[in-house]
Structure formats: structure tokens, C-alpha cells
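The following exercises concern the structure displayed below. Each task is followed by a solution worked in steps.

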Amino acid sequence: MTAQLNPRGDVAVLVPAAGAGVRLGPGRPKALRLLAGEPLLVHAVRRLAAAPSVHTIVVAAPASEVTAVRELLAPVAPVIVVPGGAERQASVAAALAAVPDGPTIVLVHDAARALTPPELVESVAAAVRDGCAAVIPVLPVVDTIKEVGAGEVVLGTVDRSALRAVQTPQGFRRAVLTAAHAAAGDPLTDDAGLVEKQGVPVSCVPGSEYALKITRPFDLALAEHLLTAAG
Ligand SMILES: Nc1ccn([C@@H]2O[C@H](COP(=O)(O)OP(=O)(O)OP(=O)(O)O)[C@@H](O)[C@H]2O)c(=O)n1
Ligand SMILES: C[C@](O)(CO)[C@H](O)COP(=O)(O)O
């Protein structure tokens, strides 16, 4: 089977899915944990494949699970599966190296954000298509933020008006992301951070509550509830 979704699409999506999920607690690698009876990765890939702009999906799987992930995703969508690395950044770099010629826009999307709607994928891709070099979906910070010092003593209250909580998919002109990874040093937590280090402007679009990152057991319970409520 060809690994193309929409041959006329201009977007490749990289899906880092090689993390252990330590904060979720003991068990299989997080992307393979079940949400409503299906692995998180299946939920994530199904939604990515439903976005009309997507030409190619490359998944970075836990190295010991590459064959199992290929078999798992075969009925869901045509995908390329590569072994991930020890850090998220290495997993993204491995997936980026496997993108075929064609797509001019590359999105990076956590498998852990399993309920991200296809509409968010399209809105990030559209912002890149419209001229942004790099685009991140964001939400306002809803809690008061304190800076604390030794002994958890409060040093001050941070002005949150300029703070944003960052989600994925993060979108890039392909050459911009490739150059940022080629120049990467110590691992950063997201790809926009690498691009920022290159002096490239990063633009924001509105994120989605459904793009929550399933990190802790509460997040998994919340995602189960959201799926059930959606019918
Ligand atoms: N070496 C790694 C680490 C993380 N990821 C992926 O990056 C995404 C965001 O990472 P996070 O949600 O923090 O996942 P984990 O690293 O698995 O979480 P934890 O820190 O709790 O172990 C996830 O889809 C995860 O699978 C990856 O591909 N390769
Ligand atoms: C990429 C990311 O999901 C954006 O919020 C996040 O930075 C991943 O970081 P984590 O430290 O692995 O949760």
C-alpha cells in the first residue's frame, strides 16, 4: 500500500509516539495505552488522516514496537513508521528524515494529544500556507501563576496576560523545520523552540480544549469522558 493519504495534499505530519508515559504510571508506552478500547495513537492518527490537507503521516514509535505499530495502524491509515529516539526531539528528527519528496508544510503532533480535531490541523496548516514560517496553537493561561523559590516560598505573581499554553500540531515551512533540527543542540520540549533559536518568527493560532495532552491519569479519565459525551 502507498503511504500517501491525499496525493494533492501539501502537509506531512510527524507523530512523535515513542515516549514511555512515566507520568501516566506503569504500563505500555503511552501511545499504546487504551482510551475507550483503542490505543491513543490510533485515536490521534485517525483524526490526522481526516484532515484534507494531509498527504503523509510519519509515526516515530518505540523502537521495540515498530512492527506492532505498523500492524496496528494499517487498518486506520497509510502511515510510515520509524523507530523513535530517547528524547522527543530525536523522535521528531527521525520522523522528519523519513518524509518523502512533495509536502512543503510539516506539522509535528504529539500522539499524546489523541483527541485533537482535524479542524485544528487544518487551521495550523492554513496559517503556514498563508505565509507564516512557524505556527503554534495556544490557549490562554487560566490559573494565577506564582514564581516560587527555595522551600516552595512564593517570590511573586507572574503577569499572565502575555503567557500562553502551547499545544500541537505545530506547523512549519518544511525548510524551516529541517534547518532548525539540523542546527539543534540540547533537547528542547517543542519544535517551535528550535525554530525560535534560529531567529524565525513563530505565530500563534487559537488552540482547542480537545487537544489536551494526556499526561497524567486524570487526563486519560477526562479524555474518556469527552469521548463518551461526544457519543
Ligand atoms: N523519547 C520520546 C519522548 C516522547 N515522545 C513523544 O512526544 C509526545 C509528547 O511527550 P509526552 O506527552 O511528554 O510523553 P512522554 O515523554 O511519554 O511522557 P512522560 O514524560 O510522562 O514519560 C508523546 O506523544 C510522546 O510519545 C517521543 O516520541 N519520544
Ligand atoms: C510539544 C508539547 O506538547 C507542547 O506543549 C510539549 O512541549 C511537550 O513537552 P513535555 O515536557 O514532553 O510534556
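**Exercise 1.** State how many helices and strands the protein has, and determine why it counts as compact.

*Solution.* In this predicted model, the protein contains 7 helices and 12 strands. Its radius of gyration is 17 Å, close to the 17 Å that the globule rule gives for 231 residues, so the protein is as compact as a globular protein of that length. Along the principal axes, the C-alpha trace spans about 60 × 40 × 35 Å. Buried residues account for 42% of the 231 residues.

**Exercise 2.** Establish how strand 8 and strand 9 are joined, and whether strand 9 is buried or in the open.

*Solution.* Strand 8 (residues 145–148) and strand 9 run antiparallel and are joined by 4 bridges. One bridge pairs Glu 147 with Gly 156 of strand 9. The hairpin has 5 residues between the strands, and Gly 151 in this hairpin takes a positive phi near 70°. Burial is examined next: a residue is buried if 20 or more other C-beta atoms lie within 10 Å of its own. Of the 5 residues of strand 9 (residues 154–158), the number buried is 0, so this strand lies largely in the open.

**Exercise 3.** Describe the residues around ligand 1 and ligand 2 by class.

*Solution.* Around ligand 1 there are 22 residues, of which Pro 16, Ala 18, Gly 19, Arg 23 and Ser 91 come nearest. This shell comprises 10 nonpolar, 6 polar and 6 charged residues. The residues around ligand 2 include Arg 88, Asp 110, Gln 167 and Lys 213. By class, the shell of ligand 2 holds 1 nonpolar, 3 polar and 4 charged residues.

Methods. Residues are numbered from 1 along each chain as its sequence is written. Chains are lettered from A and ligands numbered from 1 in the order in which they are written. This is a predicted model: local features need pLDDT of at least 70, side-chain atom pairs count only at pLDDT 80 or more; totals for chains, interfaces and linings use all residues. A residue is near a molecule or strand if its C-beta atom, placed from the backbone, lies within 6 Å of it. Ala, Val, Leu, Ile, Met, Phe, Trp, Tyr, Cys and Pro count as nonpolar, Asp, Glu, Lys and Arg as charged, and the others, Gly among them, as polar. Helices (H or I, at least four residues) and strands (E, at least two) are DSSP runs, numbered from the N terminus. The radius of gyration is taken over C-alpha atoms; the globule rule is 2.2 Å times the number of residues to the power 0.38. A residue is buried if 20 or more other C-beta atoms lie within 10 Å of its own, exposed if 12 or fewer, and partly exposed in between; C-beta atoms are placed from the backbone. Two strands pair if DSSP finds at least two bridges between them.
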